[in-house]
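Reading a protein model takes some practice, and a conversation is a good way to begin. Please look over the sequence and the structure before reading on.

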Amino acid sequence: MSVQLKLTDVQVNIAQEQGVRTLLDDVNLVLNQGDFVTVLGTNGAGKSTLFNAIAGTLPITAGQIEIAGHDVTKLNPEKRAKYIARVFQDPKLGTAPRMTVAENLALASHRGDRLKLKFQQVSKQREAYRTLAAKTGNGLDQALDKATEQLSGGQRQALSLLMASLKRPELLLLDEHTAALDPHTSQAIMALTAQIVAEQQLTGLMITHQMDDALQYGNRLIVLDNGRIIADYDADSKAKLTRQDLLDYFD
Ligand SMILES: Nc1ncnc2c1ncn2[C@@H]1O[C@H](COP(=O)(O)OP(=O)(O)OP(=O)(O)O)[C@@H](O)[C@H]1O
């Protein structure tokens, strides 16, 4: 089975007035193709920092990061974006607000191409975009010509997910992507996430504070504390975990 993500002895130290602070401490993690891992941890445990280190928005102090066999340790975030798609908690962050749903999908499907080409594609690909948007089940297919700033948070997050997965990423990072949504919409977005991950056999990490989602989704679960991975449950041990087992980490 091929390795999609390999973190070796990753360390992130930050110089502060009070001295050096360690945000990630000797993190080692290997994800095989198709691993979808839920990530738990208290506030400040280092979950987003881990994503920032992988995405390259926060430089690492030591260690190595490989994605799909490429050593990306020294690559800037723009170069790493070729391999990584990330969906954030804030629905506003994943889409261009003044552009329509169709234009956003065109952008996502032609990342790296010339701008002119992207907009020609909107009309050509319209039916394909409509079919894709219909997958979300939340009316996005009826809103292809709406600016994304006019969408609901759930529609916008669904669009962010479609965009993130349109050009099958080597690695999908979901950073509490349902946290800003109401419970019903959150569950709908989780169901869409699971569908997309299964269809495309994506490899990814998903940060969540929802114990039930952490248990229900993915084939593996890790717990971060104080910048370290303190637990790593494979599919079998995850299946035996209870909500209380997880809550115990937050005492
Ligand atoms: N660029 C930075 N400079 C200094 N400190 C930082 C930086 N980024 C993160 N931190 C600190 O590192 C710690 C871990 O933050 P991080 O956002 O990774 O936590 P988290 O596990 O994602 O928490 P939450 O669940 O609240 O989102 C926090 O104490 C945070 O203040």
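What follows is a dialogue between a learner and a teacher about how to read the features of this predicted model.

Q: How many strands form the open sheet that contains β6 and β10, and in which order do they come?
A: To read a sheet, one follows the strands from neighbour to neighbour. Here six strands form an open sheet in the order β6-β7-β8-β3-β9-β10, and the pairing is mixed. β6 (84-87) and β10 (228-233) stand at the edges, and because each has a single partner strand, one side of each is left without a neighbour in the sheet. From one strand to the next, the twist averages 20°.

Q: How many bridges join strand β9 to β10, and which residue stands opposite Ile222?
A: A pair of strands can be read by its bridges and by its direction. Strand β9 (residues 220-225) runs antiparallel to β10, and five bridges join the two. Ile222 stands opposite Asp232 in β10, while the bridge partner of Leu221 in that strand is Tyr233. The hairpin of β9 and β10 has two residues between the strands, and within this hairpin Asn226 takes a positive phi near 55°.

Q: Where else does a positive phi turn up in a residue other than glycine?
A: The general idea is that most residues other than glycine have a negative phi. In this model Ala68 has a positive phi, near 50°, and its place is in the loop between β4 (62-67) and β5 (70-71). Glu176 also has a positive phi, of about 50°, although it is not a glycine, and Glu176 lies in the loop between β7 and α7.

Q: Why do Ala68 and Glu176 count as partly exposed?
A: One counts the C-beta neighbours, and a residue is called buried when there are 20 or more of them within 10 Å, exposed when there are 12 or fewer, and partly exposed in between. Ala68 counts as partly exposed because it has 17 C-beta neighbours inside 10 Å, and Glu176 is placed in that class because it has 18.

Q: What is the order of the strands in the open sheet of four, and which helix packs on it?
A: The four strands have the order β2-β1-β4-β5, with antiparallel pairing. β2 (19-32) and β5 stand at the edges, each with a single partner strand, so one side of each lacks a neighbour in the sheet. Strand β1 (residues 3-16) and β4 pair in the antiparallel sense over five bridges, and the bridge partner of Lys6 in β4 is Glu66. Helix α1 (residues 47-55) packs on this sheet, where it touches β1, β2 and β4, and its direction makes about 70° with that of β2.

Q: Is helix α6 mostly covered or mostly exposed, and how far does α6 reach?
A: For a helix, one can look at its span and at the burial of its residues. α6 has 14 residues and reaches 20 Å from its first C-alpha to its last, close to the 20 Å expected at 1.5 Å a residue. The helix is mostly covered, as 13 of its 14 residues are buried.

Q: Why is α6 called roughly parallel to α7?
A: Angles under 35 degrees count as roughly parallel. α6 and helix α7 (residues 183-200) pack at an angle of about 10°, with their axes 10 Å apart, and therefore α6 is roughly parallel to α7. The residues that make the contact include Ala158 and Leu161 of α6, and Ala188 and Leu192 of α7.

Q: Which residues have the most contacts inside the largest nonpolar core?
A: A core is read through the residues that join it together. The largest one here has 65 residues, and those with the most contacts inside it are Val39, Leu105, Leu162 and Leu173. Helix α6 (residues 153-166) gives the largest share of this core, seven residues. Not counting residues up to four places away in sequence, Val39 touches Lys47, Leu205, Met206, Ile207, Ile222 and Leu224.

Q: Which residue, 208 residues away along the chain, has its C-alpha atom 7.7 Å from that of Tyr249?
A: Residues far apart in sequence can be compared by their separation in space. The partner is Gly41, whose C-alpha atom is separated from that of Tyr249 by 7.7 Å. Tyr249 has its place in the segment after α10 (243-247), and, leaving aside neighbours within four places in sequence, Tyr249 is in contact with Leu40 and Val223.

Definitions and conventions. Residues are numbered from 1 along each chain as its sequence is written. This is a predicted model: local features need pLDDT of at least 70, side-chain atom pairs count only at pLDDT 80 or more; totals for chains, interfaces and linings use all residues. A nonpolar core is a set of buried Ala, Val, Leu, Ile, Met, Phe, Trp, Tyr and Cys residues joined through C-beta atoms within 7 Å. Two residues are in contact if their C-beta atoms, placed from the backbone, lie within 7 Å. Two strands pair if DSSP finds at least two bridges between them. Axes are lines fitted to C-alpha atoms, for helices over the stretch in contact, and angles run from 0 to 180 degrees between N-to-C directions. The expected span of a helix is 1.5 Å times one less than its number of residues. Angles under 35 degrees count as roughly parallel, over 145 as roughly antiparallel, 65 to 115 as roughly perpendicular and the rest as oblique.
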